[in-house]
Structure formats: structure tokens, C-alpha cells
Amino acid sequence: MKVKVISRSTDEHTKERSQDLQRVFHNYDPAIRTQEKAVEYVRALNAAKLDKIFAKPFVGAMDGHVDAISCMAKNMNHLVGIFSGSMDGDIRLWDIASRRTVQRFPGHQGAVQGLAVSTDGRVLVSCGTDCSVRLWAVPISTAMELDVPTDNSVEPLETYVWKNAFRSVDHQWNFDRFATGGAGVDIWNHNRSAPEQSLEWGTDTVISIRFNPGEPDLLAASASDRSIALYDLRMGKPTAKLIMATKTNSICWNPMEPFNFTAANEDCNCYSFDSRKLNAATCVHKDHVSAVMDIDYSPTGREFVTGSYDRTVRIFQYNGGHSREIYHTKRMQRVFCVKYSCDASYVISGSDDTNLRLWKAKASEQLGVLLPREKKRHEYLEAVKNRYKHLAEVKRIVRHRHLPKAIYKTTALRRTMIEAERRREEKRKAHSAPGSSTSKPLRQRRIVCVEDSLALFGKLIVQHETIHESYNETCCVLVSPSWWSSESKCGWSFQSSYKGGFGFVIRDVSGTMVAGGACLMSPEHAEVLACKKALEFVVAHSFAPAKFETDASA
């Protein structure tokens, strides 16, 4: 007779210490656990419901300013420090942990429009509408931990007064240089009272400026003429320019993918771009119902937070078309600036009601120290919710958000307007000749034009003249297609060359001659050789021709 006996080792089921957890054995055979998926689905459903029950994102408010908060900056070397600037010229350093003012930086006579902290965390740079740039010494971390009075203030290290008001400032990641935006883009050094470089590209007032975290000499700037321009400080010239249908209020680079940036636009949307290919957005982030005023990426690069004129704060996935969270309160007014904390756990917003507000990045996250078992439990529930998030009931609970009545009605109205525009476009296509009516995809619809360039050296014109017995043949070469404008042949004054030969001159935008050359030869080959010589000259001097206007073939 055959007898089956269950044999277990006592050592495997005996605790070595009283604090040890009881070991549990599981058999993961699906034939034995037939209800495994049903059990996990119920767990995912309960986890989604519990997240809604415990979703209390608002942590606290920090009051002290007497006017609207216009800008903020965070210190990468100190986890709980945040700087804020208001429209009355007041600058404060806050301790997020205790939500109190640690230091005040008085001095600006107008609104503070930009704040930036150096990479080493020692210098704070501020600029404003009083046409001044001020450098401040940042207090050390130990001073923030002391119980100091809230009315203490310091004097600026340096004060630089310039010719125009400033709208934004950002510090370079590796060096003692910073950039300001106003009438143009100015590059400053800590030890000089005047800009080292001044960059312009036919723009109006520069609204926002940001240095690239991966390539310190590359920066992006948005202007009030609806443009987004990329500049390279090594060459002192712009590299590319993007014109959109509406103005861009703020720009932020993805810290983990430094070739990507996201623009907060006036048309209620955010647009993510690849700086190597600006003719289409990589993603359009929609949900706001008014202009997006500010944007900031999480240190992980997977999410970013936006603040809008519609009095809400939203958190988006870096590749998500819709927000995963929306934060609002009855007292919070128009949000002008937002920042992620350095540990990606909190979001700070500054609004028109003079308050800074502290929010949790994850609304239902448990604060405080978690035990290892609690951490594993949270990770398991997140994995289960992610596994069943496509099912209707779980998806409905996870996506549901309570909106204020004004935003809810405006969202419904915008949805109706977009749907009406879509139907109108379909009818227009249906009643047009095949191929005569085309529509752009959503990622290209708001882009007016892209002025990109292989030659990054400004607008130059290479002109060559071919002299025959009785007429003068002129050819134009447009260098730096970032301008993409054809100049009239008769609109420029030409220099004459020898009879029976050819000549070419290079002029800058103002018409001043930069370089030139001439050669004697037979008239029948002058046109061809003129194009070749001009092409060889600009290639040798690193000018990349973009366009030939001539009847000669080179």
C-alpha cells in the first residue's frame, strides 16, 4: 500500500527571534488558485477607492507677502528651502518644513519678475521691472534650522542697473554666468556689471528663459512675439526659432531627457518639443481652460506641474495628453508660478492672493516614516491598480476628479466648440474638390513656421556679378535659412567687377560689406564659375548656403 505523508522541516517554520515575521508559503499554480484574477481585481478596485478616500493633497499655506507672488526659485543644495518674489519687490526665503520665513531680501523698487539660484547654492540672482539685477548671498543650511526672527534682512552683494526692465532670469548649470530676458537675451557674469553677450533675433520682449541642464551653453527663450528661440553661447548666435499661433509664457527642460522641453502656452495647452525637430510637437497636454502661466519638471523627469490663470494646479505625465491630478481651493486665485520640490514629493504654488501653497505630489500618499511592510503593501497595490487600470470600473474611479463649477462649465463649453470646429472641417472637406482641402494634425496645428538653420551665423547675403558685354547677371545666396526670406535683386547695391569676369561680395543685414572676391575669365563660363567660387568661399568660412537665386547651374 502506498501512503503519502506531508513532511515539513521545523526549522523553516520556527522563528529565530520573537521580532521575526511568520514565514508563509504560497503555491502559485493557477490550477490551484482559480480565483486569483478575481481576487486581484477586487483588491485593485478597493485600492482605487481608498486612494479617493485618503486623497488630501493640501498640506498648508505660507503667508507673509502683501502682493501677488510673481516668481519662485528652489535651491538644489537645500531640500526644504524655496525663494519667492512678489509684485511689490519683496523676496523671501521659506522653510517648507516649518512653513515660515527664514530670510528677507529687500531692495527692488518694482515687481520681481525672475529668481534663480546658482548651482552651488551660494548666490541668488533676482531681476525686476526696476531695470536692475541683484546678487544676494544665500544663508547656509544650518542657519535655516535655527529659530531666527522673521524680519531679518540682508543687503545685496552686487547691484547691476541696465537700460531696460527684465522679465526672467536663469543661472547656468556649470559656470558663474546667468542669463536675463527683457528687450533681448543678455548673458552676465558674477564679476562684471555689464553683459558679456547680448543676443537678439528680431524678437519682442523675452518672457521666459531657461538653460539646458545637459548642455550648459544651450538655452531656450520665449518672447511676446509668439516665438521660441534656441541660442548657443559658444557661437553667440541663435540656432533655431519656432513661431506659434499664441504666446508661450514659460519653458522648462526635461532634466532626464535634456533634448526635450515643454512650453506653457497662452491657448490653455502645453506643448512638448524635441529640440532637434521643432516642426511638430511630440505631445500636446490639454485640460486647462485658461492660459498656462508657469511649468516645472519633476527631478525624475517623468512628470511636470503647471499653474494656470484658471486658478488650478495640474500634474501631467511627461507623455500624457491629460492631467492625472488637479488641485484647487476656494481661496486660491490665479496661479502665476509653480515648482516641484527637490525630492519630487511636494508641489509649491504661488498665486495672486499673496500665498504660497504646499501640496503633495501624490494626493493620497501617506506622510511620515513607513515600515518595510507598509512600503511593500503600497507597491503591491500600485502594481495591482496598474494591472487593472484599463477595466471600466477601476478606470472610472481613478480618473474621477471634482471640479469647481466655473471650470466644469468652461470645460464643457470648450469641448462643444472643439467638436463644432471638427464637424465644420469635415463638412468643408466633403464639399471641396479631392485634395484641395487639407488639415494639419493636432501636433502641428498651432505651429506657424519653423526657422531652422544649418548655418548658425546670422543672415548674410552672398552676391556675385557676371559682367558680359552689355548686361550684368546677379545671383543671390541666402545664408542661414533661419530667416527664409528672399531678398530682391534690385534692392541691394552691387559692386562692379572687371569686364569679362565676375565678382562676389558678402554683406551683413545692414548692407555693410564683410568680404568679397573677383576674377577675370571668359564670359561664357562666368556664371558657372561664379556660383562655384562663391560656394567654395562660404564653405571654407563655415557659412552654409541655403538658397541660390540664379539661372546659372553650378
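**Group meeting: a pocket, a sheet and some aromatic rings**

Okay, let's start with the second largest pocket, which holds about 1100 Å³ of space. Before I go on, keep in mind that this is a predicted model.

So what lines this pocket? There are 44 lining residues. If you want to find the centre on your screen, look for Met72, Leu115, Arg210, Asp294 and Lys339, which lie nearest to it. By class, the lining breaks down into 23 nonpolar, 13 polar and eight charged residues.

Which strands supply at least two residues each to that lining? Going along the chain, we have β2 (69-74), β6 (112-117), β10 (168-171), β14 (206-211), β18 (248-253), β22 (292-297) and β26 (335-340).

Let's stay with β2 for a moment, since β2 is also part of a sheet. That sheet is open and has four strands, in the order β2-β3-β4-β5, with antiparallel pairing. At the edges sit β2 and β5 (100-104), each of them pairing on one side only. From one strand to the next, the twist averages 30°.

Now zoom in on β2 and its partner β3, residues 81-86. How many bridges join β2 to β3? Five, and the two strands run antiparallel. If you'd like a spot to look at, find cysteine 71: across from it, in β3, is glycine 85.

On to the aromatics. We describe a pair of aromatic rings by how far apart the centres are and by the angle of the planes. The count here comes to 14 aromatic pairs. Take phenylalanine 83 and phenylalanine 105: their ring centres are 6.0 Å apart and the planes are at 50°, so this pair is tilted. This one links distant parts of the chain, with phenylalanine 83 in strand β3 and phenylalanine 105 in the loop between β5 and β6, 22 residues apart. Are these two phenylalanines, 83 and 105, buried or exposed? Both are buried.

Another tilted pair is tyrosine 297 with phenylalanine 304, at 5.3 Å centre to centre and 55° between the planes. Tyrosine 297 and phenylalanine 304 are buried too. And tyrosine 297 takes us back to the start, as residue 297 falls within β22 (292-297), one of the strands supplying the pocket lining.

Last item: which residues form one aromatic cluster? Have a look at Tyr160, Trp162, Phe166, Phe178 and Trp188, which make up that cluster.

That's my tour.

Key. Residues numbered from 1 in each chain as written. Predicted model: local features only at pLDDT ≥ 70, side-chain atom pairs only at ≥ 80, totals over all residues. Heavy atoms only, no water. 1 Å grid on protein atoms, 1.4 Å probe; cavity = no way out; pocket = protein on both sides within 12 Å on 5 of 7 lines; lining within 4 Å. Points joined across faces, edges and corners; volume = space filled by probe spheres on them. Nonpolar A, V, L, I, M, F, W, Y, C, P; charged D, E, K, R; others polar. Pairing = 2+ DSSP bridges. Axes fitted to C-alpha atoms, helices over the stretch in contact; angles between N-to-C directions. Phe/Tyr/Trp six-rings, centres within 6.5 Å; stacked < 30°, edge-to-face > 60°. Buried < 20%, exposed > 50% of the residue type's maximum accessible area, 1.4 Å probe, protein only.
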